[in-house]
Amino acid sequence: AAAAVGPGSMRASYAKLRTAVTAKELIAEAAMAYFGWVGAKKGHTSQRTLKADRVRLPEGGEREQYYLQIGWLDGVGLYKKSGLPGRLVAWETVMDVQAFDHLPVRAAVEIDMTEAGGGAPLRVWMCAVKLERKYPSPESMQKLLFGGKGAASARGADVIAVYFTDLEVTKDNAKSLRSLLRQSLGEEEAASYIFNEDDVGLVLRNIPAQLVAVSSEGQRFVTLSVAVRTTNVQDTDHDGDMDTHDCFPVPVYLTCKSPRKNEVSATGKAILGQDVVIQRAAAADGKAAPVVDLVLLGANLDTDDEAKLSQLTELKRLLRSKRRAGRRLCAIMWGDLNNRLVAFEGLAAHVAEDPDSHKLELTDAGVSLISDMLASPAGRRQLLRHDALVYTGRDVGKDGGFFVKPECNILMRDMFRLQVDEVLGMEAGPVGGEGGPPRPETRAGDYEAERPDSRAEWSSVAPAAHAQ
């Protein structure tokens with residue numbers, strides 16, 4: 001990303017960032033990392049600029065609301081109507097893998113299998129990266145998959161899912177992208193999994209991708225590579241062996257597209273789905289274990305609230321259609337949920353109108369205030385409370401009014417238990433099913449849990465800068 005050369009202190013900070021290799025070093029230069037760069041992408045404005053959106057008021061009329069250009073945009077959610085209880089056991093941003101304006105995110109969910117054949121919980125590990133027309137190096141894949149500790153590592157997971165947006169596939173890189181997840185796991189580990197990369201029905205051979213845009217710059221794809229441990233697969237199609245058809249009923253599919261900017265060309269704001277059939281070995285009495293329909297949803301939701309509402313409404317319809325008699329449905333959505341931080345009332349004294357654009361921007365004092373909050377776990381936890389999903393106070397709007405939760409955010413939290421619910425302890429208990437295991441020890445970000453009922457430990461999540 002190109003940096004805006006500002007005052008001398010900013011120049012010094014940028015020089016440090018160019019050689020920074022650890023999360024602590026990046027956070028130490030938070031003012032530069034989050035607010036000191038512009039021009040990194042055509043049409044994007046300074047990170048200091050507040051984004052204004054209009055929202056309908058319950059009593060009628062509209063008001064303009066303001067958002068910061070940073071936040072925890074990439075998250076994970078467990079479908080609340082899942083047929084088995086599940087819990088988020090890891091969620092963290094990956095600061096030592098260089099991507100574009102979103103930090104990569106990885107997470108893990110455990111699904112209680114007591115009512116589906118028993119045994120250990122089904123551990124689903126996932127990550128999401130916004131590539132911005134680049135492609136992942138082998139080193140970055142190793143860091144994404146195995147760089148986390150405990151549940152945040154993909155090692156030993158029952159299901160592994162890697163979601164990429166804005167992937168450019170060319171003659172030069174296509175070979176290295178084929179069977180990327182299989183290659184990244186290594187031959188010995190890969191022998192224990194079945195891969196959707198082997199599906200002969202894929203648009204691109206051995207690349208579980210869907211085309212989302214074609215321009216003068218080339219083709220843009222989204223991909224969702226999934227591996228399922230063989231202990232969770234049975235011969236469901238009764239052809240005498242276990243292969244992709246037994247756990248992947250269809251190849252990856254594009255759904256829930258944004259209705260915006262799609263008049264004459266496709267839009268990349270959509271959800272990439274992969275249906276997975278999970279069935280464990282029969283019981284000792286020979287009775288077949290129940291079938292679990294796991295729906296994996298790599299999300300790239302629109303920045304526009306009305307368009308996002310349309311996507312989520314379509315997703316609600318899709319999940320309703322996935323229910324099958326005698327089977328348990330579970331769904332997980334992760335990726336770019338596009339939930340920003342509200343420009344909260346405490347920033348009112350630290351914003352000013354730009355004389356050229358007439359947009360509100362953070363002053364130097366505002367940048368310092370946010371940067372100081374980013375520098376500590378307690379400060380980041382406080383910032384997360386200003387996420388548009390949960391914030392209930394006033395924003396910096398000239399009318400001095402209270403922030404009104406957009407309908408899309410209300411629907412998202414109605415459908416899914418999200419990482420912000422887990423971190424802030426807003427909805428205790430597992431999602432879906434009846435009852436479930438006790439709350440596990442959880443890692444997911446730089447939140448040393450302060451809530452009274454906490455038995456979870458959140459250790460290193462930094463927000464993603466977002467160039468709107």
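Axes are lines fitted to C-alpha atoms, and angles between them run from 0 to 180 degrees between N-to-C directions. On that basis, helix α12 (residues 407–415) runs at about 100° to β18 and lies across β4, β15 and β18. The model is predicted. The points below cover an open sheet of six strands, the helices that lie across its strands, and a contact between helices α10 and α11.

**Sheet**
- The strand order is β12-β13-β14-β15-β4-β18, with mixed pairing.
- Strands β12 (253–255) and β18 (416–418) form the edges, each pairing on one side only.
- From one strand to the next, the twist averages 30°.
- Strands β13 (residues 271–278) and β14 (residues 292–300) run antiparallel and are joined by eight bridges.
- Within this pair, G273 stands opposite L297 in β14.

**Helices across the sheet**
- Helix α9 (residues 305–321) lies across β4 (74–79), β12, β13, β14, β15 (328–336) and β18.
- The direction of α9 is at about 170° to β14.
- Helix α12 also lies across β18, one of the edge strands.

**Contact of α10 with α11**
- Helix α10 (residues 364–374) and helix α11 (residues 377–384) have axes that come within 6 Å and cross at roughly 115°.
- On the α10 side the contact is made by I370, M373 and L374, and on the α11 side by G379, R380, Q382 and L383.
- By class, the residues of this contact are four nonpolar, two polar and one charged.

Key:
Residues are numbered from 1 along each chain as its sequence is written. This is a predicted model: local features need pLDDT of at least 70, side-chain atom pairs count only at pLDDT 80 or more; totals for chains, interfaces and linings use all residues. Side-chain values use heavy atoms; hydrogens and water are left out. Helices (H or I, at least four residues) and strands (E, at least two) are DSSP runs, numbered from the N terminus. Contact means heavy atoms within 4.5 Å. Ala, Val, Leu, Ile, Met, Phe, Trp, Tyr, Cys and Pro count as nonpolar, Asp, Glu, Lys and Arg as charged, and the others, Gly among them, as polar. Two strands pair if DSSP finds at least two bridges between them.
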